[in-house]
Amino acid sequence: MIALLLALGSSLAYGCADFLGGLGARKAHVLRTVMIAAPASLAVELLLWPLLGASFGAGALAWGAASGVASAAAFALLYRTLAIGPMNVLSPITALVSAVLPVGVGLLQGEHLSAAGLAGLPLALVAVVLVSAGHGAGSARASRTALLLAFGAGAAIALQLVFLHQAPSDSGVAPLIVGRAVSSALTLAAAGLLRRRLGPERPAYALSASAGVLDSLANLLFLLAARGGDLAVVAVIVALYPAGTVLLARGVLAERIGRGQLLGLGTAALAVTLLALT
């Protein structure tokens, strides 16, 4: 139950971070947004170091660095995806892709689920799909480019979660610190190389920094949940984060929520209940 609650908290934090990051990327080039978000996220993890401890062994360094590379790609692809929009279509697609790979890795590593878990796992994946089913007549449709970006973002997120899960369980927040340091360095280097293409727009500092802080919190909650529970279960619960993004998009941007999405939210609640029984 503790792992389940941590995973739900991670899902909520990811959903809020993605919404704020997507808004920030609409106001300036996506790299300008990530330039603020990634260092803000690193600052939070450094503050957590004295509280939660960190052991920088070879495993933590290697897997943390790998997660950082994936995180940098996920930041850029995801925020660019959400900037193109519509959020209520692309975010669930990204989440579905990001769930499938960690679930497969967990099952291949020998994780076993109860009967309730075997029912809840595919139901949760169905819920992610249903949340994206509300784009009826009059709603914006995603372009082919946006869909490709959404799939790429989902794959990058999945790799980040898998790499974090592989880090030694006694390494504390070391994998998060190493990962965010690598992603921040890559982001700043890319921004420096492409500075002439970033445009004159100033980044939305508050939105971008808030997205980074929430993303850091989400990563921490995921890491704690994965260390205390099965990756297959934790990953699919975390992948329900579009529910938060969709609801925020509805309340702030007036994006429509269709019947399919409402059904998806109910299905997600049922899936989480079944997974809790696991």
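Visitor: Is F56 buried, partly exposed or exposed?

Guide: Welcome! Keep in mind that this is a predicted model. Buried means under 20% relative accessible area and exposed means over 50%. F56 has 33% relative accessibility, so F56 counts as partly exposed.

Visitor: Which kind of aromatic pair do W49 and F56 form?

Guide: A search of the whole structure finds two aromatic pairs. In the pair of W49 and F56, the centres are 5.1 Å apart and the angle between the planes is 65°. Planes over 60 degrees apart count as edge-to-face, so this pair is edge-to-face.

Visitor: And what kind of pair do W63 and F163 make?

Guide: Their ring centres lie 5.8 Å apart, with the planes at 35°. Stacked needs planes under 30 degrees apart, and edge-to-face needs over 60. The angle here fits neither, so the pair is tilted.

Visitor: How many residues apart are W63 and F163 in the chain?

Guide: W63 sits in helix α3, residues 58–84, while F163 sits in helix α6, residues 144–166. The pair links distant parts of the chain, and the two residues are 100 residues apart.

Visitor: Which helix gives the most to the largest nonpolar core?

Guide: That core has 45 residues, of which F222, V236 and I237 touch the most other members. With eight residues, the top contributor is helix α9.

Visitor: Which residues does V236 touch, leaving out those up to four places away in sequence?

Guide: In soluble globular proteins, nonpolar side chains tend to be buried together. Leaving out those sequence neighbours, V236 touches A99, V103, L121, A124, L125 and L275.

Methods
Residues are numbered from 1 along each chain as its sequence is written. This is a predicted model: local features need pLDDT of at least 70, side-chain atom pairs count only at pLDDT 80 or more; totals for chains, interfaces and linings use all residues. Side-chain values use heavy atoms; hydrogens and water are left out. Rings of Phe, Tyr and Trp (its six-membered ring) pair if their centres lie within 6.5 Å; planes under 30 degrees apart count as stacked, over 60 as edge-to-face and the rest as tilted. Buried means under 20% relative accessible area, exposed over 50%, partly exposed in between (1.4 Å probe, protein chains only). Helices (H or I, at least four residues) and strands (E, at least two) are DSSP runs, numbered from the N terminus. A nonpolar core is a set of buried Ala, Val, Leu, Ile, Met, Phe, Trp, Tyr and Cys residues joined through side-chain atoms within 4.5 Å. Contact means heavy atoms within 4.5 Å.
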